[in-house]
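Please open the model in your viewer and keep the selection panel at hand. The tour below moves from one selection to the next and says what can be found at each stop.

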Amino acid sequence: MLYSSLFLALLSASLSAAAPSTHDHAHSLRAHATRDGGHSLQLQVKPQDDMNDPDDLTVAATIINNGSKAVKILNDPNSVLSTWKTHTFDFVAIPSVGPDGLKSKASSLPASVDAIRVKYNPTVAASLEDSDVYTVLQPGESKTIVHDLSGMYNFHTVGSYGVRLTAAAEYLRVVEDDGSISMVPAALSAGSETATLALLSIPSTATLTSRKGLVNAGKPGLDVFVDPLAAHLGSRMVRRVEDPKFKNCTAEQQSAINEAIPFANQYIENANQYLNGTLGERYTTWFGAQMENRTEIVKGHYANLTGMPDKFQFDCSCNQPDTYAYVYPNKFPTVYFCGAFWRAPANGTDSKAGTIVHEGTHFTNIGSTDDYAYGQSGAKDLAKSDPDQGVMNADSHEYFSENNPQLD
Ligand SMILES: [Zn+2]
């Protein structure tokens with residue numbers, strides 16, 4: 001049973017390597033993941049040797065199938081398999097060791113991150129026949145994905161940094177033969193914790209903070225819209241009368257958005273009313289046990305959302321079939337819609353209106369929510385395992401407002 005003991009060795013290496021970045025939610029994922037024994041995936045992360053400019057920062061991630069059968073892995077936008085500029089990597093300062101063997105008291109602040117937030121649904125993605133939405137690796141096969149991280153990270157000091165995956169990115173979503181989805185932990189290279197960190201050094205001459213900021217979402221050409229007419233005539237000549245509310249949207253897309261906005265406003269109004277009354281199963285299902293600090297956070301989010309769908313601007317240039325929408329949290333009020341959005345119903349579960357609520361909560365002036373869990377079952381599990389993250393999870397807000405099935 002060489003194979004199974006190797007798997008266990010890799011699994012335990014992954015568990016110990018992951019320990020410093022763990023969070024309660026990661027623990028619950030881990031407990032879930034250990035039920036699925038048949039896969040053995042390994043990850044290697046390699047940054048460019050020196051980082052002189054955060055506007056020119058890349059990391060290569062290699063995923064290796066060490067198992068004995070082929071794996072079909074979803075290209076989750078928060079995983080290394082996707083180049084979306086989501087929060088997939090962390091850069092942590094490594095204290096330098098002096099000649100006396102003592103570690104310097106260098107700042108241990110991790111680099112701060114500015115990332116996009118994407119609405120994605122693994123179940124919807126797994127149902128698509130499109131080969132863009134997953135990666136298939138045969139036994140022994142590997143794939144390297146180069147991540148352009150320009151504009152995403154701001155460093156506080158020069159020195160050595162370790163690059164590591166976020167707790168969520170240590171897991172990959174594998175589509176099993178029966179169509180179910182397993183969260184499979186990817187083993188990092190075995191060894192001590194520092195040995196598993198890919199090192200990046202930042203020389204004293206380096207620029208520490210990005211000058212450009214986050215200017216693209218990580219999909220080539222995604223944010224770049226070239227108007228062929230404007231290119232021909234020069235922008236001064238072109239004064240197209242266009243609704244500033246929409247960018248790159250067809251008339252059909254505009255009417256679909258206009259149909260969803262009143263539902264989104266109703267969802268928000270209804271959520272506000274509910275939250276000012278007696279909280280019951282509807283609250284606890286999506287946000288977990290009631291604690292005053294947490295209920296206040298949720299109330300604040302919906303209060304901030306009031307009237308916002310009418311202020312949002314919408315960009316329809318994204319075609320990614322497995323993704324609903326994304327935002328730059330600091331760039332209110334633009335919401336970007338992608339392929340899955342157009343197939344969604346106007347209201348109801350995972351609807352257009354619900355997606356507008358979801359994306360709205362990500363904006364830093366509204367809720368600064370993250371995407372800790374996707375899908376109804378993911379959001380319900382999160383409410384039970386980590387309600388502190390539940391009240392900061394965008395999909396939890398969406399399902400609470402869609403209220404389908406209806407709860408009181
Ligand atoms: Zn999201």
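Begin with P333, which sits in the loop between β16 (323-327) and β17 (334-337). Show the backbone here, and you will find that the peptide bond joining F332 and P333 is cis, with omega at about 5°. Since this is a predicted model, the geometry you inspect at this and every later stop is that of a prediction.

From that loop, extend the selection to F337, which, leaving aside residues up to four places away in sequence, touches F314, C316, C318 and A325. F337 and I116 are the residues with the most contacts inside the largest nonpolar core, a set of 93 residues. The largest share of this core, seven residues, is supplied by α6. As background to this stop, nonpolar side chains tend to be buried together in soluble globular proteins.

Before following that helix, zoom out to the whole protein chain, whose secondary structure comes to 13 helices and 17 strands. Of its 408 residues, 40% count as buried. Among contacts between residues at least 6 apart in sequence, 74% join residues at least 24 apart.

Now select helix α6, residues 251-275, and check its length from end to end. At 1.5 Å a residue, its 25 residues should span 36 Å, and the C-alpha atoms at its ends are indeed 36 Å apart, so the two values agree. Colour I257, A260, F263, A264, Y267, I268 and A271, which are the buried residues of α6. To see what covers them, add α8 (292-305), β15 (313-315), α10 (352-362) and α13 (394-402), which are included in that cover.

Just before moving along, look at N248, in the loop between β14 (246-247) and α6. Although N248 is not a glycine, it has a positive phi of about 60°. Is N248 buried or partly exposed? With 15 other C-beta atoms within 10 Å, N248 is partly exposed.

Next, keep α6 on screen and bring α13 into view. The two helices pack at an angle of about 85°, and their axes are 9 Å apart, which means that α6 is roughly perpendicular to α13. At the meeting point, Y267, I268 and A271 of α6 face F400, S401 and E402 of α13. Sorted by class, this contact has four nonpolar, one polar and one charged residues.

Stay with α13 and ask how many of its residues are buried. The helix is mostly covered, with nine of its nine residues buried; including charged side chains in your display will bring up D395, E398 and E402 among those buried residues.

A further partner of α13 is helix α11, residues 375-385, whose axis comes within 9 Å of the α13 axis and crosses it at roughly 105°. This crossing therefore makes α11 roughly perpendicular to α13. Select G375, Q376, A379, L382 and A383 of α11 together with D395, S396 and Y399 of α13, as these residues make the contact. By class, the contact between α11 and α13 has four nonpolar, three polar and one charged residues.

For another view of the same neighbourhood, select G354, which lies in helix α10. G354 is buried, because 30 other C-beta atoms lie within 10 Å. Setting aside residues up to four places away in sequence, G354 touches Y267, E398, S401 and E402.

Then follow the chain past the end of α13 to N403, which is in the segment after that helix. N403 is not a glycine, yet it has a positive phi of about 50°, and with 19 other C-beta atoms within 10 Å it is partly exposed. In this segment you will also find P405, and a cis peptide bond, with omega at about 0°, joins N404 and P405.

For the last stop, turn to I73 in strand β3, residues 71-74. I73 is buried, since 23 other C-beta atoms lie within 10 Å. Which residues does I73 touch, not counting residues up to four places away in sequence? They are L81, Y134, T135, L137, L172, R173 and V174. Draw a distance from I73 to R173, and their C-alpha atoms turn out to be separated by 5.6 Å, although the two residues are 100 residues apart along the chain.

Conventions
Residues are numbered from 1 along each chain as its sequence is written. This is a predicted model: local features need pLDDT of at least 70, side-chain atom pairs count only at pLDDT 80 or more; totals for chains, interfaces and linings use all residues. Helices (H or I, at least four residues) and strands (E, at least two) are DSSP runs, numbered from the N terminus. The expected span of a helix is 1.5 Å times one less than its number of residues. A residue is buried if 20 or more other C-beta atoms lie within 10 Å of its own, exposed if 12 or fewer, and partly exposed in between; C-beta atoms are placed from the backbone. Two residues are in contact if their C-beta atoms, placed from the backbone, lie within 7 Å. Axes are lines fitted to C-alpha atoms, for helices over the stretch in contact, and angles run from 0 to 180 degrees between N-to-C directions. Angles under 35 degrees count as roughly parallel, over 145 as roughly antiparallel, 65 to 115 as roughly perpendicular and the rest as oblique. Ala, Val, Leu, Ile, Met, Phe, Trp, Tyr, Cys and Pro count as nonpolar, Asp, Glu, Lys and Arg as charged, and the others, Gly among them, as polar. A nonpolar core is a set of buried Ala, Val, Leu, Ile, Met, Phe, Trp, Tyr and Cys residues joined through C-beta atoms within 7 Å.
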